[in-house]
Amino acid sequence: AVQSCAEQERGDRTMRTIPYAASLLILARAAAPPRTRRAKTPKAQPLTPPRPAAEVDPCPHAPDCPSCTIDGGFDEVDTARRARAMFEPLLQKPFEVVCGSAKDWRTQARLACAPGATKLTARGRRGRKTYRLRDVALGLYRPRSHDVVAIPDCRTHHPLLNKAAGEIKEACAVVGIKALDSEGDGDLRYVQLSTDGNKVALTLVWNERSAKEAQPELPRLVKELSSSELWHSIHVNYRGDKAGNAIFDYNPQKWAKLRGETYVVERLFDGDVGDLDANLRLWFTPLTFRQANLKAFAGLVERLATWVPADSHVCELYAGVGAIGLALRPKLSSLRCSETNENVLDCFEKSKRDQDSRLEDLCPVEMTVADAEDAVHDDCAGASVLIVDPPRKGLCEGVREALVKGELDVKRLVYVSCGFDALERDQAALLNSRRWKLTHAEAHVFFPGSDHVETLAVYDAVSPE
(Lines give C-alpha, C1' and ligand atoms only; values in the text may rest on other atoms or scores of the structure.)
Protein backbone atom coordinates (compact mmCIF):
# COMPACT_ATOMS: atom_id res chain seq x y z
CA ALA A 1 0.00 0.00 0.00
CA VAL A 2 2.89 2.34 0.81
CA GLN A 3 4.41 1.64 -2.63
CA SER A 4 1.08 2.28 -4.40
CA CYS A 5 0.67 5.60 -2.67
CA ALA A 6 4.18 6.64 -3.60
CA GLU A 7 3.58 5.74 -7.23
CA GLN A 8 0.33 7.68 -7.26
CA GLU A 9 2.06 10.69 -5.76
CA ARG A 10 4.75 10.57 -8.44
CA GLY A 11 2.04 10.36 -11.07
CA ASP A 12 0.26 13.37 -9.65
CA ARG A 13 3.44 15.39 -9.71
CA THR A 14 4.05 14.36 -13.32
CA MET A 15 0.59 15.45 -14.39
CA ARG A 16 1.03 18.79 -12.72
CA THR A 17 4.19 19.42 -14.74
CA ILE A 18 2.61 18.62 -18.16
CA PRO A 19 1.71 21.74 -20.22
CA TYR A 20 -1.96 22.48 -20.98
CA ALA A 21 -1.69 21.67 -24.76
CA ALA A 22 0.03 18.36 -24.07
CA SER A 23 -2.67 17.40 -21.58
CA LEU A 24 -5.38 18.02 -24.22
CA LEU A 25 -3.49 15.74 -26.64
CA ILE A 26 -3.35 13.00 -24.06
CA LEU A 27 -7.09 13.27 -23.43
CA ALA A 28 -7.82 13.16 -27.18
CA ARG A 29 -5.79 10.02 -27.65
CA ALA A 30 -7.54 8.39 -24.73
CA ALA A 31 -10.94 9.10 -26.29
CA ALA A 32 -9.93 7.88 -29.78
CA PRO A 33 -10.73 4.27 -30.83
CA PRO A 34 -7.87 1.81 -30.46
CA ARG A 35 -5.50 1.62 -33.43
CA THR A 36 -5.20 -1.66 -35.32
CA ARG A 37 -1.72 -2.85 -36.22
CA ARG A 38 -1.18 -3.54 -39.91
CA ALA A 39 -0.43 -7.21 -40.57
CA LYS A 40 3.02 -7.93 -41.90
CA THR A 41 3.26 -9.38 -45.37
CA PRO A 42 4.42 -12.97 -44.97
CA LYS A 43 7.79 -13.80 -46.45
CA ALA A 44 7.85 -16.03 -49.50
CA GLN A 45 8.36 -19.63 -48.45
CA PRO A 46 10.14 -22.30 -50.47
CA LEU A 47 7.89 -24.71 -52.29
CA THR A 48 9.54 -27.60 -50.51
CA PRO A 49 9.04 -27.38 -46.72
CA PRO A 50 12.07 -28.28 -44.61
CA ARG A 51 12.05 -31.76 -43.14
CA PRO A 52 13.98 -33.23 -40.25
CA ALA A 53 17.19 -34.57 -41.75
CA ALA A 54 18.21 -38.17 -41.29
CA GLU A 55 21.43 -38.50 -39.33
CA VAL A 56 23.97 -41.19 -38.53
CA ASP A 57 26.72 -41.42 -35.95
CA PRO A 58 29.83 -39.36 -36.74
CA CYS A 59 32.22 -41.19 -39.06
CA PRO A 60 35.38 -42.33 -37.23
CA HIS A 61 37.43 -41.79 -40.41
CA ALA A 62 36.43 -38.12 -40.83
CA PRO A 63 37.76 -35.66 -41.83
CA ASP A 64 40.58 -37.51 -43.59
CA CYS A 65 38.37 -39.84 -45.64
CA PRO A 66 37.02 -38.02 -48.72
CA SER A 67 33.96 -40.25 -49.13
CA CYS A 68 31.58 -38.90 -46.48
CA THR A 69 31.64 -35.16 -45.87
CA ILE A 70 28.44 -34.87 -43.78
CA ASP A 71 26.67 -36.91 -41.09
CA GLY A 72 23.12 -35.70 -41.73
CA GLY A 73 20.87 -33.66 -43.97
CA PHE A 74 21.64 -35.92 -46.90
CA ASP A 75 18.72 -34.53 -48.92
CA GLU A 76 19.78 -30.93 -48.23
CA VAL A 77 23.31 -30.98 -49.63
CA ASP A 78 24.45 -28.14 -51.89
CA THR A 79 23.72 -30.05 -55.09
CA ALA A 80 20.17 -30.78 -53.93
CA ARG A 81 19.66 -27.07 -53.18
CA ARG A 82 20.95 -26.15 -56.63
CA ALA A 83 18.56 -28.65 -58.17
CA ARG A 84 15.61 -27.18 -56.28
CA ALA A 85 16.57 -23.69 -57.35
CA MET A 86 16.74 -24.80 -60.98
CA PHE A 87 13.63 -26.96 -61.21
CA GLU A 88 11.02 -25.53 -58.81
CA PRO A 89 10.53 -22.18 -60.60
CA LEU A 90 9.98 -24.03 -63.87
CA LEU A 91 7.66 -26.72 -62.51
CA GLN A 92 5.89 -24.64 -59.85
CA LYS A 93 5.72 -27.63 -57.55
CA PRO A 94 7.95 -29.05 -54.83
CA PHE A 95 11.13 -30.78 -55.97
CA GLU A 96 11.45 -34.14 -54.25
CA VAL A 97 14.74 -35.61 -53.08
CA VAL A 98 14.51 -39.34 -52.31
CA CYS A 99 17.00 -40.68 -49.77
CA GLY A 100 17.34 -44.25 -48.50
CA SER A 101 19.36 -45.76 -45.70
CA ALA A 102 22.61 -44.02 -44.78
CA LYS A 103 24.29 -47.22 -43.57
CA ASP A 104 25.38 -50.46 -45.27
CA TRP A 105 24.16 -49.23 -48.67
CA ARG A 106 27.36 -49.70 -50.66
CA THR A 107 27.51 -53.14 -52.28
CA GLN A 108 30.48 -52.39 -54.52
CA ALA A 109 33.69 -50.65 -53.49
CA ARG A 110 37.07 -49.90 -55.04
CA LEU A 111 39.79 -49.54 -52.41
CA ALA A 112 43.29 -48.26 -52.98
CA CYS A 113 46.19 -50.15 -51.42
CA ALA A 114 49.22 -48.66 -49.68
CA PRO A 115 51.76 -49.66 -47.04
CA GLY A 116 50.14 -49.46 -43.61
CA ALA A 117 51.52 -48.39 -40.25
CA THR A 118 52.23 -51.87 -38.84
CA LYS A 119 55.57 -53.54 -39.51
CA LEU A 120 55.54 -57.25 -40.29
CA THR A 121 58.07 -60.03 -40.79
CA ALA A 122 57.41 -62.20 -43.83
CA ARG A 123 59.23 -65.02 -45.58
CA GLY A 124 60.88 -64.33 -48.89
CA ARG A 125 60.63 -66.31 -52.13
CA ARG A 126 60.65 -70.06 -51.55
CA GLY A 127 61.29 -69.42 -47.87
CA ARG A 128 64.97 -68.65 -48.42
CA LYS A 129 65.00 -65.56 -46.24
CA THR A 130 62.78 -63.28 -44.18
CA TYR A 131 62.37 -59.54 -44.54
CA ARG A 132 60.54 -56.66 -42.96
CA LEU A 133 57.55 -55.00 -44.60
CA ARG A 134 54.47 -53.05 -43.65
CA ASP A 135 50.93 -54.34 -43.62
CA VAL A 136 48.47 -53.42 -46.39
CA ALA A 137 46.17 -50.44 -45.80
CA LEU A 138 42.88 -50.50 -47.77
CA GLY A 139 41.02 -47.24 -48.24
CA LEU A 140 40.65 -44.07 -50.28
CA TYR A 141 43.11 -41.43 -51.36
CA ARG A 142 43.21 -38.31 -49.27
CA PRO A 143 42.05 -35.34 -51.41
CA ARG A 144 44.76 -33.91 -53.67
CA SER A 145 47.35 -36.43 -52.53
CA HIS A 146 48.60 -39.99 -52.99
CA ASP A 147 48.19 -40.82 -49.30
CA VAL A 148 45.69 -43.61 -48.61
CA VAL A 149 43.28 -43.23 -45.69
CA ALA A 150 42.47 -46.68 -44.31
CA ILE A 151 38.73 -47.15 -43.71
CA PRO A 152 38.19 -50.41 -41.78
CA ASP A 153 34.57 -51.08 -40.82
CA CYS A 154 33.27 -48.30 -43.07
CA ARG A 155 29.66 -47.47 -42.09
CA THR A 156 28.53 -47.12 -45.72
CA HIS A 157 29.86 -50.54 -46.75
CA HIS A 158 27.75 -53.65 -46.71
CA PRO A 159 29.06 -55.74 -43.77
CA LEU A 160 30.38 -58.39 -46.16
CA LEU A 161 32.59 -55.79 -47.87
CA ASN A 162 34.14 -54.84 -44.54
CA LYS A 163 34.66 -58.51 -43.73
CA ALA A 164 36.27 -59.09 -47.12
CA ALA A 165 38.67 -56.15 -46.66
CA GLY A 166 39.73 -57.59 -43.33
CA GLU A 167 40.40 -61.02 -44.82
CA ILE A 168 42.45 -59.51 -47.65
CA LYS A 169 44.56 -57.55 -45.19
CA GLU A 170 45.15 -60.68 -43.09
CA ALA A 171 46.01 -62.86 -46.11
CA CYS A 172 48.49 -60.28 -47.39
CA ALA A 173 50.22 -60.29 -44.00
CA VAL A 174 50.46 -64.09 -43.95
CA VAL A 175 51.85 -64.38 -47.49
CA GLY A 176 54.00 -61.24 -47.42
CA ILE A 177 52.27 -59.16 -50.10
CA LYS A 178 53.54 -55.61 -50.42
CA ALA A 179 51.15 -52.81 -51.31
CA LEU A 180 52.09 -50.25 -53.94
CA ASP A 181 54.18 -47.47 -52.40
CA SER A 182 54.80 -43.89 -53.49
CA GLU A 183 57.83 -45.00 -55.52
CA GLY A 184 55.75 -47.40 -57.63
CA ASP A 185 57.15 -50.49 -55.94
CA GLY A 186 54.91 -53.27 -54.62
CA ASP A 187 52.45 -55.96 -55.69
CA LEU A 188 48.88 -54.87 -54.98
CA ARG A 189 47.52 -51.59 -56.35
CA TYR A 190 43.73 -51.76 -55.84
CA VAL A 191 40.96 -54.17 -54.92
CA GLN A 192 37.36 -54.14 -56.13
CA LEU A 193 34.72 -55.79 -53.96
CA SER A 194 31.14 -56.57 -55.02
CA THR A 195 28.51 -58.45 -53.05
CA ASP A 196 25.10 -59.89 -53.81
CA GLY A 197 24.41 -60.14 -50.09
CA ASN A 198 25.69 -63.72 -49.85
CA LYS A 199 29.29 -63.75 -51.06
CA VAL A 200 31.89 -61.30 -52.35
CA ALA A 201 33.40 -61.06 -55.84
CA LEU A 202 37.01 -59.87 -55.62
CA THR A 203 39.18 -58.26 -58.27
CA LEU A 204 42.88 -57.81 -57.49
CA VAL A 205 44.60 -55.04 -59.46
CA TRP A 206 48.19 -56.26 -59.71
CA ASN A 207 51.31 -54.21 -60.31
CA GLU A 208 52.60 -56.55 -63.03
CA ARG A 209 51.70 -56.93 -66.70
CA SER A 210 51.35 -60.74 -66.92
CA ALA A 211 50.73 -63.89 -64.92
CA LYS A 212 54.38 -64.87 -65.30
CA GLU A 213 55.59 -61.60 -63.79
CA ALA A 214 53.12 -62.00 -60.91
CA GLN A 215 54.73 -65.30 -59.81
CA PRO A 216 54.90 -66.47 -57.05
CA GLU A 217 53.20 -63.81 -54.91
CA LEU A 218 49.82 -63.77 -56.66
CA PRO A 219 49.21 -67.56 -56.59
CA ARG A 220 50.21 -67.61 -52.92
CA LEU A 221 47.73 -64.87 -52.09
CA VAL A 222 44.90 -66.56 -54.01
CA LYS A 223 45.62 -69.86 -52.25
CA GLU A 224 45.53 -68.16 -48.85
CA LEU A 225 42.26 -66.36 -49.66
CA SER A 226 40.67 -69.54 -51.02
CA SER A 227 40.62 -71.10 -47.58
CA SER A 228 37.65 -68.83 -46.80
CA GLU A 229 34.06 -69.50 -47.88
CA LEU A 230 33.44 -65.77 -48.34
CA TRP A 231 34.49 -65.51 -51.96
CA HIS A 232 32.16 -65.78 -54.93
CA SER A 233 35.08 -65.36 -57.33
CA ILE A 234 38.58 -63.93 -57.62
CA HIS A 235 39.70 -62.09 -60.76
CA VAL A 236 42.93 -60.27 -61.49
CA ASN A 237 43.69 -57.26 -63.66
CA TYR A 238 47.35 -57.05 -64.67
CA ARG A 239 47.49 -53.27 -64.51
CA GLY A 240 51.25 -52.96 -64.04
CA ASP A 241 52.84 -49.53 -64.23
CA LYS A 242 50.89 -48.43 -67.30
CA ALA A 243 50.74 -44.62 -67.45
CA GLY A 244 47.64 -42.75 -66.29
CA ASN A 245 45.38 -42.64 -63.24
CA ALA A 246 42.87 -45.26 -64.41
CA ILE A 247 42.28 -47.99 -61.84
CA PHE A 248 42.00 -50.76 -64.44
CA ASP A 249 43.56 -51.65 -67.75
CA TYR A 250 40.41 -52.46 -69.74
CA ASN A 251 42.26 -54.49 -72.35
CA PRO A 252 40.51 -57.90 -72.05
CA GLN A 253 43.90 -59.61 -72.43
CA LYS A 254 44.91 -58.12 -69.07
CA TRP A 255 42.12 -59.85 -67.15
CA ALA A 256 41.92 -63.40 -65.82
CA LYS A 257 39.59 -65.39 -63.61
CA LEU A 258 41.59 -67.16 -60.91
CA ARG A 259 38.79 -68.78 -58.93
CA GLY A 260 35.01 -69.14 -58.84
CA GLU A 261 32.31 -67.91 -61.24
CA THR A 262 32.66 -65.58 -64.22
CA TYR A 263 29.46 -63.60 -63.62
CA VAL A 264 27.82 -62.07 -60.60
CA VAL A 265 24.03 -62.42 -60.94
CA GLU A 266 21.75 -60.06 -59.00
CA ARG A 267 18.05 -59.30 -58.84
CA LEU A 268 17.26 -55.65 -59.39
CA PHE A 269 13.96 -55.47 -57.45
CA ASP A 270 12.93 -56.88 -54.08
CA GLY A 271 9.13 -56.91 -54.41
CA ASP A 272 6.12 -56.00 -56.53
CA VAL A 273 6.87 -53.28 -59.08
CA GLY A 274 3.66 -53.14 -61.07
CA ASP A 275 4.04 -53.68 -64.81
CA LEU A 276 7.84 -54.01 -64.65
CA ASP A 277 9.80 -57.25 -64.52
CA ALA A 278 9.88 -57.83 -60.76
CA ASN A 279 12.17 -60.86 -61.14
CA LEU A 280 14.68 -59.23 -63.49
CA ARG A 281 18.15 -60.69 -63.01
CA LEU A 282 21.24 -58.84 -64.15
CA TRP A 283 24.60 -60.36 -65.09
CA PHE A 284 27.82 -58.48 -64.30
CA THR A 285 31.54 -59.07 -64.78
CA PRO A 286 34.44 -56.97 -63.45
CA LEU A 287 34.60 -55.35 -66.92
CA THR A 288 31.03 -53.99 -66.80
CA PHE A 289 29.61 -51.04 -64.91
CA ARG A 290 27.53 -51.80 -61.81
CA GLN A 291 25.84 -49.31 -59.50
CA ALA A 292 27.44 -49.13 -56.05
CA ASN A 293 23.99 -48.61 -54.48
CA LEU A 294 21.85 -51.03 -56.45
CA LYS A 295 18.85 -50.63 -54.15
CA ALA A 296 18.70 -46.86 -54.68
CA PHE A 297 19.06 -47.39 -58.42
CA ALA A 298 16.12 -49.81 -58.40
CA GLY A 299 14.01 -47.13 -56.71
CA LEU A 300 14.91 -44.64 -59.43
CA VAL A 301 13.97 -47.14 -62.15
CA GLU A 302 10.53 -47.61 -60.55
CA ARG A 303 9.94 -43.86 -60.60
CA LEU A 304 11.27 -43.55 -64.14
CA ALA A 305 8.84 -46.21 -65.36
CA THR A 306 5.85 -44.03 -64.46
CA TRP A 307 7.00 -41.54 -67.12
CA VAL A 308 7.20 -44.09 -69.93
CA PRO A 309 3.71 -44.69 -71.39
CA ALA A 310 2.59 -48.25 -72.03
CA ASP A 311 3.27 -49.60 -75.53
CA SER A 312 6.03 -47.05 -76.13
CA HIS A 313 8.77 -47.60 -78.67
CA VAL A 314 11.92 -46.92 -76.62
CA CYS A 315 15.50 -46.14 -77.58
CA GLU A 316 18.03 -46.25 -74.72
CA LEU A 317 21.51 -44.75 -75.01
CA TYR A 318 24.37 -45.37 -72.54
CA ALA A 319 22.49 -48.54 -71.56
CA GLY A 320 25.19 -50.45 -69.65
CA VAL A 321 24.04 -54.06 -69.17
CA GLY A 322 20.48 -52.96 -70.07
CA ALA A 323 19.00 -52.70 -66.58
CA ILE A 324 16.56 -49.85 -67.31
CA GLY A 325 15.36 -51.07 -70.69
CA LEU A 326 14.94 -54.70 -69.64
CA ALA A 327 13.04 -53.66 -66.52
CA LEU A 328 10.59 -51.71 -68.70
CA ARG A 329 10.38 -54.33 -71.45
CA PRO A 330 7.07 -55.97 -70.36
CA LYS A 331 5.20 -52.69 -70.96
CA LEU A 332 6.91 -51.69 -74.24
CA SER A 333 6.22 -52.29 -77.91
CA SER A 334 9.89 -52.25 -78.91
CA LEU A 335 13.28 -51.62 -77.29
CA ARG A 336 16.65 -50.71 -78.79
CA CYS A 337 19.68 -50.32 -76.52
CA SER A 338 23.25 -49.26 -77.20
CA GLU A 339 26.45 -49.08 -75.20
CA THR A 340 30.10 -48.32 -76.01
CA ASN A 341 31.52 -51.12 -73.83
CA GLU A 342 31.50 -54.35 -75.82
CA ASN A 343 31.84 -56.41 -72.65
CA VAL A 344 28.16 -55.85 -71.85
CA LEU A 345 26.93 -57.97 -74.78
CA ASP A 346 27.19 -61.34 -73.01
CA CYS A 347 25.66 -59.91 -69.83
CA PHE A 348 22.75 -58.38 -71.73
CA GLU A 349 22.12 -61.57 -73.70
CA LYS A 350 22.02 -63.69 -70.54
CA SER A 351 19.51 -61.33 -68.90
CA LYS A 352 17.40 -61.33 -72.07
CA ARG A 353 17.37 -65.14 -72.35
CA ASP A 354 16.42 -65.46 -68.68
CA GLN A 355 13.61 -62.93 -69.18
CA ASP A 356 12.34 -64.70 -72.30
CA SER A 357 12.17 -67.98 -70.39
CA ARG A 358 10.00 -66.47 -67.64
CA LEU A 359 7.67 -64.03 -69.42
CA GLU A 360 5.42 -64.21 -72.46
CA ASP A 361 4.48 -61.69 -75.14
CA LEU A 362 7.60 -59.61 -74.69
CA CYS A 363 8.51 -56.97 -77.23
CA PRO A 364 11.52 -57.38 -79.55
CA VAL A 365 14.78 -56.05 -78.12
CA GLU A 366 18.31 -55.59 -79.38
CA MET A 367 21.61 -54.34 -78.01
CA THR A 368 24.31 -52.80 -80.21
CA VAL A 369 27.82 -51.65 -79.40
CA ALA A 370 28.10 -48.10 -80.70
CA ASP A 371 28.95 -44.57 -79.65
CA ALA A 372 25.90 -42.63 -78.52
CA GLU A 373 26.47 -40.04 -81.27
CA ASP A 374 25.99 -42.76 -83.89
CA ALA A 375 23.26 -44.70 -82.10
CA VAL A 376 21.09 -41.61 -81.59
CA HIS A 377 20.39 -41.56 -85.32
CA ASP A 378 20.48 -45.28 -86.06
CA ASP A 379 18.35 -46.51 -83.13
CA CYS A 380 15.97 -43.59 -82.62
CA ALA A 381 14.15 -44.09 -85.92
CA GLY A 382 10.54 -44.82 -85.02
CA ALA A 383 11.10 -44.37 -81.28
CA SER A 384 8.60 -42.35 -79.22
CA VAL A 385 10.69 -42.20 -76.01
CA LEU A 386 14.43 -41.68 -75.68
CA ILE A 387 16.07 -42.72 -72.39
CA VAL A 388 19.61 -41.50 -71.65
CA ASP A 389 21.81 -42.36 -68.67
CA PRO A 390 25.15 -40.77 -69.61
CA PRO A 391 28.34 -40.65 -67.54
CA ARG A 392 29.12 -37.64 -65.37
CA LYS A 393 30.17 -35.51 -68.35
CA GLY A 394 26.59 -35.58 -69.65
CA LEU A 395 25.29 -35.92 -73.18
CA CYS A 396 27.72 -36.25 -76.08
CA GLU A 397 27.76 -33.19 -78.28
CA GLY A 398 26.21 -35.11 -81.16
CA VAL A 399 23.30 -36.33 -79.01
CA ARG A 400 22.66 -32.85 -77.61
CA GLU A 401 22.73 -31.27 -81.07
CA ALA A 402 20.34 -33.87 -82.48
CA LEU A 403 17.84 -33.01 -79.74
CA VAL A 404 18.29 -29.25 -79.99
CA LYS A 405 18.08 -29.13 -83.78
CA GLY A 406 14.97 -31.28 -83.97
CA GLU A 407 16.63 -34.11 -85.86
CA LEU A 408 14.72 -36.78 -83.90
CA ASP A 409 11.05 -37.76 -83.91
CA VAL A 410 10.91 -38.78 -80.23
CA LYS A 411 8.16 -37.14 -78.19
CA ARG A 412 9.67 -37.61 -74.74
CA LEU A 413 13.20 -37.51 -73.35
CA VAL A 414 13.87 -39.25 -70.02
CA TYR A 415 17.25 -38.10 -68.68
CA VAL A 416 19.03 -39.83 -65.78
CA SER A 417 21.94 -37.64 -64.69
CA CYS A 418 24.84 -38.43 -62.36
CA GLY A 419 26.59 -35.10 -63.04
CA PHE A 420 24.55 -32.03 -62.12
CA ASP A 421 26.88 -29.53 -63.80
CA ALA A 422 26.44 -31.35 -67.10
CA LEU A 423 22.67 -31.53 -66.59
CA GLU A 424 22.54 -27.75 -66.09
CA ARG A 425 24.32 -27.30 -69.39
CA ASP A 426 22.19 -29.83 -71.26
CA GLN A 427 18.91 -28.51 -69.89
CA ALA A 428 19.81 -24.95 -70.84
CA ALA A 429 20.45 -26.10 -74.40
CA LEU A 430 17.18 -28.04 -74.55
CA LEU A 431 14.99 -25.25 -73.18
CA ASN A 432 16.70 -22.47 -75.12
CA SER A 433 16.05 -24.36 -78.34
CA ARG A 434 12.30 -23.99 -77.64
CA ARG A 435 11.86 -27.53 -78.91
CA TRP A 436 11.60 -29.05 -75.42
CA LYS A 437 9.82 -28.26 -72.18
CA LEU A 438 10.47 -29.59 -68.70
CA THR A 439 7.68 -31.86 -67.47
CA HIS A 440 9.04 -33.43 -64.30
CA ALA A 441 12.19 -33.65 -62.17
CA GLU A 442 13.27 -35.34 -58.95
CA ALA A 443 16.52 -36.37 -57.30
CA HIS A 444 17.74 -39.57 -55.64
CA VAL A 445 20.56 -39.76 -53.11
CA PHE A 446 22.71 -42.71 -54.18
CA PHE A 447 25.66 -41.86 -51.92
CA PRO A 448 24.43 -40.65 -48.50
CA GLY A 449 27.18 -38.62 -46.87
CA SER A 450 28.47 -36.99 -50.05
CA ASP A 451 27.40 -33.86 -51.91
CA HIS A 452 25.93 -35.76 -54.84
CA VAL A 453 22.47 -36.58 -56.21
CA GLU A 454 21.23 -38.53 -59.20
CA THR A 455 18.61 -36.53 -61.08
CA LEU A 456 15.65 -37.87 -63.05
CA ALA A 457 14.34 -35.25 -65.49
CA VAL A 458 11.58 -35.65 -68.07
CA TYR A 459 11.25 -33.38 -71.12
CA ASP A 460 8.49 -33.35 -73.71
CA ALA A 461 8.81 -32.17 -77.29
CA VAL A 462 7.07 -28.87 -78.06
CA SER A 463 4.70 -29.06 -81.00
CA PRO A 464 5.51 -26.46 -83.67
CA GLU A 465 2.93 -23.67 -83.88
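Here's a quick tour of some backbone oddities in this structure. Keep in mind that the model is predicted. As background, most residues other than glycine have a negative phi, and most peptide bonds are trans. The spots below go against those habits: A62 and P63 share a cis peptide bond, Q215 and P216 share a cis peptide bond, Y318 has a positive phi, and so does R434.

**Cis peptide bonds**

- Start with A62 and P63, where the linking bond is cis and omega comes out at about 0°.
- To find P63, look in the loop that runs between α2 (20-31) and α3 (78-91).
- Further along the chain, Q215 and P216 are also joined by a cis peptide bond, with omega at about -10°.
- P216 sits in the loop between β6 (200-206) and α5 (217-225).

**Positive phi at Y318**

- Y318 isn't a glycine, yet its phi is positive, at about 55°.
- You'll spot Y318 in the loop that links β11 (313-317) and α7 (323-328).
- Is Y318 buried or exposed? Y318 counts as buried because its relative accessibility is 14%, and the cut-off for buried is under 20%.

**Positive phi at R434**

- R434 isn't a glycine either, and its phi is positive too, at about 60°.
- The loop to check for R434 is the one between α11 (420-432) and β16 (436-445).
- With a relative accessibility of 70%, R434 counts as exposed, because exposed means over 50%.

How values were computed:
Residues are numbered from 1 along each chain as its sequence is written. This is a predicted model: local features need pLDDT of at least 70, side-chain atom pairs count only at pLDDT 80 or more; totals for chains, interfaces and linings use all residues. Side-chain values use heavy atoms; hydrogens and water are left out. Helices (H or I, at least four residues) and strands (E, at least two) are DSSP runs, numbered from the N terminus. Buried means under 20% relative accessible area, exposed over 50%, partly exposed in between (1.4 Å probe, protein chains only).
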